[in-house]
Amino acid sequence: MLAFLVGGIVGQIFGWRWAFVLAAIPGFVLALLLRYTTADISRSQSKPKTAEDPAFFAEPGF
């Protein structure tokens with residue numbers, strides 16, 4: 001409900017384009033937060049699957 005209120009006010013004062021810009025800001029902040037706070041496993045560090053590795057559903061106990 002807060003987004004509708006703020007978006008409506010911004011839309012009335014600055015126009016609908018700025019309302020969309022304002023709505024996009026939390027997404028950019030979240031993207032930057034996740035980018036700099038989570039670890040990224042590079043492809044060189046991950047173990048490649050080989051033909052000898054059993055499939056996940058074939059492991060005992062499942």
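In this predicted model, helix 2 has 22 residues. At 1.5 Å a residue, a span of 32 Å is expected, and the end C-alpha atoms of helix 2 lie 33 Å apart, so the two values agree. The helix is not straight throughout. Helix 2 bends by about 25 degrees at Ala 24. A proline, Pro 26, follows within four residues of that bend. Cover over helix 2 is slight: one of its 22 residues is buried.

Helix 1 covers residues 2-14, and helix 2 covers residues 16-37. The expected span of helix 1, taken from its 13 residues at 1.5 Å each, is 18 Å. The end C-alpha atoms of helix 1 are 18 Å apart, so expectation and model agree here as well. Helix 1 is also hardly covered, with one buried residue among its 13. Gly 15 follows helix 1 and has a positive phi, near 110 degrees.

These two helices are accompanied by zero strands in the chain. The chain has 62 residues, of which 3% count as buried. Its accessible surface comes to about 6,300 Å². Carbon and sulfur atoms account for 70% of that surface.

A nonpolar patch lies on the surface. Its members are Leu 2, Leu 5, Val 6, Ile 9, Ile 13, Phe 14, Trp 18, Val 21, Leu 22, Ile 25 and Val 29. Together they have about 1,100 Å² of accessible area. Helix 1 and helix 2 are the elements that give two or more residues to the patch. Helix 1 supplies the largest share, six residues. One of the patch members, Trp 18, lies in helix 2. Its relative accessible area is 52%, and the cut-off for exposed is over 50%, so Trp 18 counts as exposed.

One C-alpha separation links a residue of helix 1 with a member of the patch. Ala 3 belongs to helix 1, while Leu 22 is part of the nonpolar patch. Ala 3 and Leu 22 are 19 residues apart along the chain, and their C-alpha atoms are separated by 9.6 Å. Ala 3 has a relative accessibility of 64% and therefore counts as exposed.

The model contains one aromatic pair. The pair is formed by Trp 16 and Phe 20, whose ring centres are 6.0 Å apart. Their planes stand at 90 degrees, so the arrangement is edge-to-face. The cut-off for that class is over 60 degrees. Both residues lie in helix 2, four residues apart, so about one helical turn separates them. Trp 16 is exposed, because its relative accessibility is 53%. Phe 20 is exposed too, because its relative accessible area is 57%.

Key:
Residues numbered from 1 in each chain as written. Predicted model: local features only at pLDDT ≥ 70, side-chain atom pairs only at ≥ 80, totals over all residues. Heavy atoms only, no water. Buried < 20%, exposed > 50% of the residue type's maximum accessible area, 1.4 Å probe, protein only. Areas by Shrake-Rupley, 256 points an atom, 1.4 Å probe, with all protein chains shown as cover. Patch = residues over 30% accessible without salt bridge, like charges linked within 9 Å, V, L, I, M, F, W, Y side chains within 5 Å. Salt bridge = Lys/Arg side-chain N within 4 Å of Asp/Glu carboxyl O. Expected span 1.5 Å × (residues − 1). Bend = angle between axes of the 7 residues up to and from the residue. Phe/Tyr/Trp six-rings, centres within 6.5 Å; stacked < 30°, edge-to-face > 60°.
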